[in-house]
Amino acid sequence: MALLAVLPDMPRVPEALLDSFLLSVIVFPVLYLAAFRPLLDQIAERRRAQDGLEAAHDELEARVEERTGELARANEALRRERNFVDTVVETAGALVVVLDPAGRIVRFNEACERTSGYTIDEVKGQVLFPLLIPPEEVKEVTELYRQLSSGGLPTEYQSHWIARDGTLRYISWANTAIRDADGNVEFVIGTGLDVTEHRAAEATIHT
């Protein structure tokens, strides 16, 4: 007790300072653990989710760009192939006519135009048989085409065409059926040779 009496009096700690000390030592850690830490975890989780979405978006854009490039290259190759086919069909000496299953004209190349005297714009969508086939041959040719368009024979036959100027041309045809995925005939491609002069020459020889 004598020793305590000798020691100088310790200054009293202000209550406000003590409150601040207790707040920093006890309350702030509890508040951090109870409120701020979960909030920070949520923010970090949202950031990770956002980063994941951005990465997925970038990957999707890259795939779309790659697919777009592939489609562009495929379309360009298809365009070149189509142009090549168009050139072959239009410059071929043979008649090339494409018909749908009902016998309507889908395609009519330049050789057909020269032989018949009709343009593709004039005949497209019209049924071939009454337009270019002589009346006396319509029934026979129609039946032949019905067999062909249903997948049967014949694939070769001969018929006359009536040109716009009224002259008769004798055409020898070879036909190919184009089928869809179900095996149904979608188009018939007829390739013809105008053998009118050849037949006339043969007839002259045999007379």
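Let's start inside the protein, at Val-123: with a relative accessibility of 1%, this residue counts as buried. Val-123 belongs to helix 4, which runs over residues 120-123. Before I go on, please keep in mind that what you have in front of you is a predicted model. Now look from Val-123 to Phe-108: the two are 15 residues apart along the chain, and their C-alpha atoms are separated by 8.0 Å. Phe-108 will come back shortly, so hold on to that name.

First, the overall layout. The protein chain has seven helices and five strands. If you read along the sequence, the order is α-α-β-β-α-α-α-α-β-β-β-α. The chain has 207 residues, and 22% of them count as buried.

Let's go through the strand pairing, beginning with strand 1, residues 95-99. Strand 1 pairs with strand 2 in the antiparallel sense, over three bridges. To find that pairing on your screen, pick Val-98, whose bridge partner in strand 2 is Arg-107. The two strands form a hairpin with five residues between them, and Gly-103 in the turn has a positive phi of about 90°.

There is a nice detail in that loop between strand 1 and strand 2, where Asp-100 sits. Is Asp-100 buried or exposed? Its relative accessibility is 11%, and the cut-off for buried is under 20%, so Asp-100 counts as buried. The side chain of Asp-100 reaches the backbone nitrogen of Ala-102, at 3.0 Å.

Strand 1 has another partner to show you. With strand 5, strand 1 pairs in the antiparallel sense over five bridges. Here the residue to click on is Val-97, which has Gly-190 as its bridge partner in strand 5.

Strand 5 in turn pairs with strand 4, again in the antiparallel sense, over nine bridges. Within that pairing, Ile-178 stands opposite Phe-187 of strand 5. Strand 4 and strand 5 also form a hairpin, with five residues between them, and in its turn Gly-183 has a positive phi of about 90°.

Now back to Phe-108, as promised, and to the aromatic rings. How many aromatic pairs does a search of the whole structure find? The search finds three. One of them is Phe-108 with Trp-161, a stacked pair with 5.9 Å from centre to centre and 15° between the planes. This pair links distant parts of the chain: Phe-108 is in strand 2, residues 105-108, and Trp-161 is in strand 3, residues 156-162, which puts them 53 residues apart. Both partners are tucked away from the surface: Phe-108 counts as buried at 2% relative accessibility, and Trp-161 is buried with a relative accessible area of 1%. Ring pairs also bring in Trp-173, giving a cluster of Phe-108, Trp-161 and Trp-173.

Trp-173 has a polar neighbour as well. Its side chain and that of Ser-159 are joined by a polar contact of 3.3 Å. Ser-159 lies in strand 3, and with a relative accessibility of 2% this serine counts as buried.

Next, the empty space. Rolling a probe the size of a water molecule over the atoms shows where empty space is left. In this model, one cavity of 30 Å³ or more turns up. The largest cavity has a volume of about 50 Å³.

Which residues line the largest cavity? Some you have already met: Val-97, Trp-173 and Gly-190 are among them, and so are Leu-99, Tyr-145 and Asn-175. Strand 1, helix 6, strand 4 and strand 5 each supply at least two residues of this lining. By character, the lining divides into eight nonpolar residues, two polar and no charged.

One last stop, in helix 3, residues 110-116, where we find Ala-111. Ala-111 is buried, with a relative accessible area of 2%. Between Ala-111 and Val-96 there are 7.4 Å from C-alpha to C-alpha, with the two residues 15 apart along the chain.

To recap, here are three places to visit on your own screen. Try the stacked rings of Phe-108 and Trp-161, then the Ser-159 to Trp-173 side-chain contact, and finally the cavity of about 50 Å³. Thanks for listening!

Technical notes. Residues are numbered from 1 along each chain as its sequence is written. This is a predicted model: local features need pLDDT of at least 70, side-chain atom pairs count only at pLDDT 80 or more; totals for chains, interfaces and linings use all residues. Side-chain values use heavy atoms; hydrogens and water are left out. Rings of Phe, Tyr and Trp (its six-membered ring) pair if their centres lie within 6.5 Å; planes under 30 degrees apart count as stacked, over 60 as edge-to-face and the rest as tilted. Helices (H or I, at least four residues) and strands (E, at least two) are DSSP runs, numbered from the N terminus. Buried means under 20% relative accessible area, exposed over 50%, partly exposed in between (1.4 Å probe, protein chains only). Two strands pair if DSSP finds at least two bridges between them. On a 1 Å grid over the protein atoms alone, a cavity is a set of points where a 1.4 Å probe fits but cannot get out, and a pocket is an open set with protein on both sides within 12 Å along at least five of seven lines; lining residues have an atom within 4 Å of a point. Grid points are joined across faces, edges and corners, and a volume is the space filled by probe spheres set on the points. Ala, Val, Leu, Ile, Met, Phe, Trp, Tyr, Cys and Pro count as nonpolar, Asp, Glu, Lys and Arg as charged, and the others, Gly among them, as polar. A polar contact is a pair of N or O atoms within 3.5 Å; within protein, one must be able to donate a hydrogen and the other to accept it, and residues adjacent in sequence count only if both atoms are side-chain atoms.
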